[in-house]
Amino acid sequence: MNIVIVESAAKAKTINKYLGKDYKVIASFGHVRDLPSKNGSVQPENDFEMHWDTDGKSSKILSEITKAVKGADKLILATDPDREGEAISWHILQVLQQKKALKDVDIERVAFNAVTKKAIFEALEHPREIDQPLVSAYLARRALDYLVGFTLSPVLWRKLPGSRSAGRVQSVALRLICDRELEIEKFKSQEYWSLEAQLKKDSGETFLARLTTVGDKKLGRLDIENEEEATRLKTALTKASYSIKSVESRAQKRNPQAPFTTSTLQQEASRKLGFGARRTMQVAQKLYEGIELNSPEGGGAETVGLITYMRTDGVQIVPEAVQACREVIAGQFGQTYLPQSPREYKSKAKNAQEAHEAVRPTDLSRLPDDIAGSLDKDGARLYKLIWQRTIASQMQSAEFERTTVDIAVTGTDGGSYGLRANGSVLVFDGFLKLYEEGQDEKSDSEDDDDRRLPPLAKGDAISDNKIEAKQHFTEPPPRFTEATLVKNMEELGIGRPSTYASTLGVLRDREYVRFDKKRLIPEDKGRLVTAFLESFFSRYVEYDFTADLEQKLDLISDNKLLWKDVLRDFWQEFIGAVDEIKDLRISEVLDALNEILGPHIFRDPGDGSDPRKCPACEDGQIGLKVGRYGAFVGCTNYPDCRYTRQFSESDQPVGEEASSDGKLLGEDPETGLPVTLRTGRFGPYVQLGDVEEDKKPKRSSVPKDYDPQTVDLKLALELLSLPRIIGNHPETDKPIKANFGRYGPYIEHDGSYANLESGPDVFTVGINRAVTLLAEKKSAGPRQRASVLKELGEHADLTGPVQVMSGRYGPYVKNGKINATLPKSADPETITLEEAVALVKAKAEKGGAKKTRARAKPKAKTTKSKAKSATKSTAKAKSKTGKAAPRKTKSAKSKTAASSSESAS
């Protein structure tokens, strides 16, 4: 019997169908060992000795593998062909050797780039040994990530309360996002103007041209600074004398893009399909591991991997796949679209290893429309994208004719001016017939180039039909999307293809960033962490340093560096930097953060005054403070001055009437008291009246659904009047109230609650609707509030079905009595059974199932506490019966003492 080890159950199922009865395929379900999340897992003082741990799930899998291997003829390690796959094989081999389970068992390592019958049998014919340099690179990377995380994170917790963690790649990616946000905040928009003329030929055809020269001076983009100058030029060009000075046409080719790497697949899936990096990898994993298709010969269903391995930085594809591409092109599009010779590609990415070929379909003749019925919607869309990109990469170039027309103008003011018109004509579509790469941002010049021009020749008479002066403002650089961040990380050499999705997931799960219209915006805690690291660990969040370290890890893979030498060099400097700030006071940390985050926290008022002057007192300065729940802004004169606000300046009410007493919205018509909009450390709120010594004024938080900038007197008075009494319930005659709570708007009646759909409903919901909502809530029952989103089925390691549920606090996975919350980055609609099982098992190991708590046995009491307890018991009994309670007998006391002693032991 030959035992084959792969990572996933889906992959095992596919391969099992290809191999005969002499093979048994077992899934390891990913890594079987990892470094435990505690101090001492990596010991630099003991030559970086690493201590591995196996969880309950992996222990069962290893036991199954061990049992199967004993007495087997051969162990075939067939995990993925990358660093992580090599590491999994190495771990399994290490465990089996420790258990002495490999006596008389041949060991082979095989790797295949596609889960197809041909690829698997070819791999079995060419076995090899474990690639030790690749394993060394894994060990170095894992040790580095552990040492950085478990050394820096505790420093963050002590010096910057509210922070979660730091990481070697995660912190650099976060810095990219924060640096871009700082650029945007510092950006000062500049006004500029452009002039565009709609010109007309004698034949009546029109075209557009831009003003490019004034006299002998070539105009720059920002040279026309104001409306006055733009109007002067417009007047000079109106009814002026125009003639075509030159017409230049040239042929231009556009070549297709290379086949997908991991990062370009993530980028394009983000642009065209709206997938996040993690979602892209989840769908691609399914396509790689195998999908059940109907056999083209009519012999029933077959399971086959549809794409090659999706974690790669290589852009080349094997010759037989290139030939298959050419055959599809000739058959589907004709010989005109087929280049004379195959195209060859080489990666331009920094630190690219190109160890594996690009992501491509395993069979190019398997057309997207032919297999769409066997795939879910996302799988079909991603397969089509990969197929199109691969085929297009071997198609003929697109051909354009680009035309540039220069026009001489004699203005009505006697001045000489020059205009230019650009246009292009698609002569041959080539690869564009099938596929065109998406764009993140598009410039005005690209729009000009896409215009079509009428036939024009030197000396043609033309006239102005319309002159338009357009006002523009320079714009800050755009925030990153997942696609542009991945592209930037790849260009800088930060991280590896397999880490991009997980890095973005960590940033989101830690709540260091949030998404707004697909753009990444750093949260305050994320900016604090970045500022802290830049101030005290600047070297370790530098882009070049991180890229250089990645390069060293790649050199370890190539057997050109020893992994422990790299760790020693890194650790010596890193631990020195950590030791330097151990005794640093929090006040010194805050001073540094105030400096680096100044433009974000303390907005320049523009009148020359100190942006840090406290608005509530005369001589105080505002600055960062840290509390139990994170950072906020407070006054240096605390406790005399209790001014506070949130970290982010954008949450502070602004306007002409903003002052140290908040923004005055008006007066309450009933009391005549002022109504103000203010911000505190917990966010914006409205207040009625001023603080008095004997009582606090009435306040009400501004709900999250509302923009503080839009709060007016009407809304403020409505908020201050809450809870709103809708009316009395017809059955109980008790009031039904509407209000905002921690989890949003709701109604309440006699201790029962029901959610409202939106914030405005609090002020508008009527009695009939309220009664209906309460009745629906009551009929649902307290134990039926959670609904099933998805049935995942049963798993061999668990008892009963695994379900994805929708609960009051969000989606979660349920198996029996165990409920495991889904991470924020996980999609409840696409989570797989394996992923759900992993969450359930992790929760079970932490004691996730609800258990009846064992009542704690009483501790042995001291003589003093016994006497005190006895006095209380006697008094209590006497108060109930009018008589003193009888004392315990000596034997009873002895029994109690024995019991206490037993409990203590």
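These are my notebook entries on what I looked up in this structure, which is a predicted model.

**Entry 1: the whole chain**

I began with the protein chain as a whole, and I counted 26 helices and 32 strands in its secondary structure. Of its 905 residues, 46% count as buried, and the accessible surface comes to about 48100 Å², with 47% of that area belonging to carbon and sulfur atoms. I then looked at contacts between residues with a separation of 6 or more, and found that 66% of them join residues 24 or more positions apart.

**Entry 2: a salt bridge across the sequence**

Next I turned to charged side chains, keeping in mind that side chains of opposite charge can pair when their charged atoms come close. My search of the whole structure gave 40 salt bridges, and I picked out a few to follow up.

Which parts of the chain does the pair D47 and R568 tie together? I found D47 in the loop between β3 (42–43) and β4 (49–50), while R568 sits in helix α18 (residues 563–580), so this pair ties together parts that lie 521 residues apart in sequence. The N to O distance between the two side chains is 2.7 Å, which falls inside the 4 Å limit for a salt bridge. I also checked how far each partner is covered: D47 is partly exposed, with a relative accessible area of 34%, and R568 is partly exposed too, at 37%. The pair does not stand alone, since D47 and R568 belong to a network of salt bridges that also includes K564 and D565.

**Entry 3: two salt bridges within helices**

I then looked up two pairs in which both partners share a helix. R180 and E183 both lie in helix α6 (residues 170–186), where they are 3 residues apart, or about one turn of the helix. Their side chains meet in a salt bridge with an N to O distance of 3.7 Å. Are these two residues buried or exposed? R180 counts as buried, because its relative accessibility of 18% is under the 20% cut-off, whereas E183 is partly exposed at 43%.

The second pair is R381 and D378 in helix α12 (residues 377–392), where a spacing of 3 residues again means about one helical turn. The closest N and O atoms of this salt bridge are 3.8 Å apart. Here I noted that R381 is partly exposed, with a relative accessible area of 29%, and that D378 counts as buried at 18%.

**Entry 4: where α6 meets α15**

Having met helix α6 already, I asked how its axis lies against that of helix α15 (residues 500–509). The two axes come within 10 Å and cross at roughly 70°, and α6 and α15 are therefore roughly perpendicular to each other. On the α6 side I listed Q170, A173, L174 and I177, which meet T503, V506 and L507 of α15. Sorted by type, the residues of this contact divide into 5 nonpolar, 2 polar and no charged.

**Entry 5: one glutamine**

Last, I looked up Q266, which has its place in helix α8 (residues 262–273). Its relative accessibility is 2%, and Q266 thus counts as buried. Which residues does Q266 touch, not counting those up to four places away in sequence? I found A277, T280, M281, V486, P497, Y500 and A501.

Conventions:
Residues are numbered from 1 along each chain as its sequence is written. This is a predicted model: local features need pLDDT of at least 70, side-chain atom pairs count only at pLDDT 80 or more; totals for chains, interfaces and linings use all residues. Side-chain values use heavy atoms; hydrogens and water are left out. Helices (H or I, at least four residues) and strands (E, at least two) are DSSP runs, numbered from the N terminus. Buried means under 20% relative accessible area, exposed over 50%, partly exposed in between (1.4 Å probe, protein chains only). Contact means heavy atoms within 4.5 Å. Axes are lines fitted to C-alpha atoms, for helices over the stretch in contact, and angles run from 0 to 180 degrees between N-to-C directions. Angles under 35 degrees count as roughly parallel, over 145 as roughly antiparallel, 65 to 115 as roughly perpendicular and the rest as oblique. Ala, Val, Leu, Ile, Met, Phe, Trp, Tyr, Cys and Pro count as nonpolar, Asp, Glu, Lys and Arg as charged, and the others, Gly among them, as polar. Accessible areas come from the Shrake-Rupley method with a 1.4 Å probe; for residues, only the protein chains shown count as cover.
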